[in-house]
Structure formats: C-alpha cells, structure tokens
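Grab a pencil and work through these exercises at your own pace. Each one sets a task and then walks through a solution.

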Amino acid sequence: MSFQMAPSILSADFAHLARDIAAAEAGGADLIHVDVMDGHFVPNITIGPPVVKALKRVATRPLDVHLMVQDPDAYLNAFAAAGADMLSVHVEVLPHLHRTLEAIRALGVKAGVVLNPSTPVSMLEEVASEVDHVLLMSVNPGFGGQKFIPSTLDKIRRTRALLDRLGSRAPIEVDGGIDASNIAAVVSAGAQIIVAGQSVFGGGHPAAAIAALRAAAR
Ligand code: DX5
Ligand code: ZN
C-alpha cells in the first residue's frame, strides 16, 4: 500500500529547522507537517505565520499546516500568504465549518478537517465533498512524543468507509504516536498520509528514520 510521509517538525531542532527539513526531504519526506498551537485550543504554543513563511523559503515539499488554534478563521489568510499548501482545521472549534472550508479553498489551499480522538466520524457527513483530506488525531493534540491511541485503527476504517459511501476520495492522514511498531497497522487500516514527529526527528537521523518507517510499513 502506498502512502505519503509527512514528518512533523514539532520534534525537529527549532534552532536548525532548515537543516532538519533538508534531511527529512533527502530521506523521502513527501510533505512537511507544521504544527501551529495557540495556547488556547491546546496547552502549548508553537509557531505562527512568520515561521511558516521562513520554512517556505527552504522547503521543497508542500507545507501541511495543522492549525490547533481556537479561532482558525482569523488566520487563514495569513497562513495562506505565508505559503501553506494544505490547511487542516479542527471541527471542534468551528460552528461554520462549511464556510471555513470554502474560505480555505478560495485561497487556493487544500482544505482538511481534523477530528480529535473523542470526536465522532459522523462529523464528516455534511462536509465530505468540501474536504481535500481528513486528518485523524491518534493522540490528544498539544505535544509530540505521545502514545498512539489503539482505537484509532478502527476509526480509520470507519472514516474510509464513510468517505467511500459519500463518494469522496479524500486521503486520510493520521497524526500522533506513529512509529515502527504501529505504522504497518495504520497504513493497512487505510491511512494514506502518515505524520511522524518523534519517530523521525527524535533520534537525530531523520533520513534514516524515514527509511526505517517505510521499511516497517511493508
Ligand atoms: C500533536 C501534533 C503532532 C505531533 C506528532 O499535537 O499534532 O503532529 O507533532 O508527533 P509524534 O509523532 O511525536 O506523536
Ligand atoms: Zn499535527
């Protein structure tokens, strides 16, 4: 089964982001996953549009920007202008999700919906046709290096079944706690984009780590 690797720079060395991104790309990264946290939706603060703009200068792969913020609508323009190629927003904070997805697409950016571990798959029913990808959290968002929640595997299957039933070919992205011990199960459940932070950057050898993850997935 083929899938894309999206290393999360949350676990990279923030003092050497250009170096770490280059290493991940040399190792076969397909996307660069950028975790934006505002200290409100999640209990951590990371990076904003100025850093995304700087990453855009060095990355040769699309920037997959995951917005873990309380008010995504207020920042869509800024992240699109900074160079985000994909913007993923959490359903948990968006009462007008359909409008938000339209707004992202109108900016020429791929629109993704994110579901927290406790958020039901049914939240996708009415927006499936507006969505370019679906991101399933396999940890509670906020930090890298957490443990994969096993029930995500069944959720991936149920999400794929729902999207197929609704005629959506949107790929499923899975984020959190993915490593060599579980990547094969995540991919065979139907994930087509794999986010990995700690298991790519934690050991200091991102290119080798990506190769090891790909080998483990086979
Ligand atoms: C968690 C972030 C993830 C995180 C994944 O809130 O959305 O993208 O960086 O990192 P690992 O792979 O270390 O769980
Ligand atoms: Zn993420």
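**Exercise 1. Find which residues come nearest to ligand 1.**

Step 1: Look around ligand 1, where the shell holds 20 residues (near means that a heavy atom of the residue lies within 4 Å of the molecule). Step 2: Pick out the nearest of them, which are D35, G142, G145, D175 and G197.

Before going on, a word on the ground rules. This is a predicted model, where local features need pLDDT of at least 70, side-chain atom pairs count only at pLDDT 80 or more, and totals for chains, interfaces and linings use all residues. Residues are numbered from 1 along each chain as its sequence is written, chains are lettered from A and ligands numbered from 1 in the order in which they are written, and side-chain values use heavy atoms, leaving out hydrogens and water.

**Exercise 2. Work out how far the polar atoms of D35, D175 and G177 lie from oxygen atoms of ligand 1.**

Step 1: Start with D35, where a polar side-chain atom lies 2.7 Å from an oxygen atom of the ligand. Step 2: Move to D175, whose side chain has an N or O atom 2.7 Å from a ligand oxygen. Step 3: For G177, turn to the backbone, where an N or O atom is 2.8 Å from an oxygen atom of ligand 1. Step 4: Now check the cover: taken alone, ligand 1 exposes 380 Å², and the protein buries 99% of that (areas by the Shrake-Rupley method with a 1.4 Å probe).

**Exercise 3. Say which strands supply the shell around ligand 1, and what classes of residue it has.**

Step 1: Trace the strands (DSSP runs of E, at least two residues, numbered from the N terminus). β2 (32-37), β3 (63-68) and β8 (193-196) each give at least two residues to the shell. Step 2: Look for the largest share, and you land on β2, with 3 residues. Step 3: Sort the shell by class to get 8 nonpolar, 10 polar and 2 charged residues (Gly counts as polar, while Asp, Glu, Lys and Arg count as charged).

**Exercise 4. Decide whether E25 and E126 are buried or exposed.**

Step 1: Locate E25 in helix α1 (residues 17-26). Its relative accessibility is 13%, so E25 counts as buried (buried is under 20% relative accessible area, exposed over 50%, with a 1.4 Å probe and protein chains only). Step 2: Find E126 in the loop between β5 (110-115) and β6 (133-137). E126 counts as exposed because its relative accessibility is 70%.

**Exercise 5. Do the same for A12 and T60: buried or exposed?**

Step 1: A12 sits in the loop between β1 (4-7) and α1. At 11% relative accessibility, A12 is buried. Its C-alpha atom is 8.9 Å from that of P206, 194 residues apart along the chain. Step 2: T60 belongs to the loop between α2 (49-58) and β3. With 62% relative accessibility, T60 is exposed. From T60 to A196, 136 residues apart along the chain, the C-alpha separation is 18 Å.

How values were computed: Polar contact = N/O pair within 3.5 Å; in protein donor to acceptor, adjacent residues only side chain to side chain. Helix = DSSP H or I, 4+ residues; strand = E, 2+ residues; numbered from the N terminus.
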